[in-house]
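Visitor: I would like to learn how to read a structure like this one, feature by feature. Could we begin with aromatic rings and then turn to a helix?

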Amino acid sequence: MTLDTKDRAIIEATQAGLPLVPQPFAVVAETLDMSENELLARLKSLKAQGIIRRIGAAPNHYRLGMTANGMSVWDIDDKVVDELGEQVGSLSFVTHCYRRPRALPVWRYNLFAMVHGNSREEVLIKRDRIADLLGDACRASDILFSTRILKKTGMRLSGQKG
C-alpha cells in the first residue's frame with residue numbers, strides 16, 4: 001500500500017501529537033493547506049484502511065500526580081482469558097490491558113493490566129479488585145512497579161519515501 005503525498009503529510013504532521021488548542025484539526029489542516037473537512041475525511045479513511053489505528057489523548061500520568069504505576073500480570077486459563085481481559089480492561093482504573101503469549105518455563109503470565117495510583121498501596125488495592133474479578137480463573141499473578149519513566153512513542157514516518 002502506498003500513501004499519497006497528502007496522507008503522508010497528515011501522518012507526519014500528527015504523529016507526534018496534536019496542538020493543544022481548541023480546534024487542533026483546523027490548525028493542522030491550515031499548516032497542510034487543506035480544509036479541516038478534508039483532513040478529517042482523510043484521517044477517517046486512513047483509520048478505515050487500518051493505516052492508523054486510533055487518535056487519542058495520552059496524558060502524562062506523572063504530571064497528574066499518579067506516580068505509583070504497576071503492571072499487573074496474570075496467569076489465566078487461555079479458554080477464558082479474552083473474556084476476562086475485556087472485563088479487566090473495562091475497569092476505570094486500568095489504562096491498558098492486553099493478552100500476550102506465555103514464555104514458558106520462565107514467564108507464565110498471559111494477561112497484563114496497567115494500573116496507576118498516587119501510592120503503591122493504592123495500586124495494590126486496585127490490583128486486589130482485579131484479583132476479585134478474576135476469581136478462580138487466576139492461577140498466579142504478580143505486579144511490576146515502574147522505577148522510571150520511559151518515553152513512549154508509536155511508529156514514526158521518517159519523512160523519506162519508498
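Guide: Let us begin with the rings, keeping in mind that this is a predicted model. A search of the whole structure finds three aromatic pairs, and one of them is formed by W107 and Y109, which meet edge-to-face.

Visitor: How is such a pair described, and what are the values for W107 and Y109?

Guide: In general, two numbers describe a pair of aromatic rings, namely the distance of the centres and the angle of the planes. For W107 and Y109 the centres are 4.8 Å apart and the planes stand at 75° to each other, and since an angle over 60 degrees counts as edge-to-face, the pair is given that name.

Visitor: Are these two residues buried or exposed?

Guide: W107 is partly exposed, with a relative accessible area of 26%, whereas Y109 counts as buried because its value, 11%, falls under the 20% limit. Both belong to one aromatic cluster, which is made up of Y98, W107, Y109 and F112.

Visitor: What does H96 touch, leaving aside its neighbours within four places in sequence?

Guide: H96, which sits in strand β2 (residues 94–99), is in contact with M71, F112, A113 and M114. The C-alpha atoms of H96 and M114 are 5.5 Å apart in space, although 18 residues separate the two in sequence. The side chain of H96 also makes a polar contact of 3.1 Å with that of T95, and H96 is partly exposed, at a relative accessible area of 35%.

Visitor: How should I place these elements within the chain as a whole?

Guide: The chain holds five helices and four strands, arranged along the sequence as α-α-α-β-α-β-β-α-β. Of its 162 residues, 30% count as buried. Among contacts with a separation of 6 or more, 65% join residues that lie 24 or more positions apart.

Visitor: Turning to helix α5, what span should its 15 residues have, and what do its end C-alpha atoms show?

Guide: At 1.5 Å a residue, the expected span of α5 is 21 Å, and the end C-alpha atoms are 21 Å apart, which agrees. After α5 comes G135, whose phi is positive, near 55°.

Visitor: Which residues of α5 are buried, and why do they lie on the same side?

Guide: The general idea is that an α-helix has 3.6 residues a turn, so residues three or four places apart point the same way. In α5 the buried residues are V123, K126, R127, I130 and L134. They cover an arc of only 105° around the axis, and therefore they are on the same side of α5. The face turned away from that buried side carries the exposed residues E121, I125 and D132.

Visitor: Against what do the buried residues of α5 pack?

Guide: They pack against four strands and a helix by name: β1 (68–76), β2, β3 (111–117) and β4 (138–145), together with α4 (81–89).

Visitor: Which contacts does R127 make, not counting residues up to four places away in sequence?

Guide: R127, in helix α5 (residues 120–134), touches S72, W74, S141 and I143. A polar contact of 3.2 Å also joins its side chain to that of D128. At 15% relative accessibility R127 counts as buried, because the limit is 20%.

How values were computed. Residues numbered from 1 in each chain as written. Predicted model: local features only at pLDDT ≥ 70, side-chain atom pairs only at ≥ 80, totals over all residues. Heavy atoms only, no water. Helix = DSSP H or I, 4+ residues; strand = E, 2+ residues; numbered from the N terminus. Buried < 20%, exposed > 50% of the residue type's maximum accessible area, 1.4 Å probe, protein only. Polar contact = N/O pair within 3.5 Å; in protein donor to acceptor, adjacent residues only side chain to side chain. Contact = heavy atoms within 4.5 Å. Phe/Tyr/Trp six-rings, centres within 6.5 Å; stacked < 30°, edge-to-face > 60°. Expected span 1.5 Å × (residues − 1). Arc of directions from axis to C-beta.
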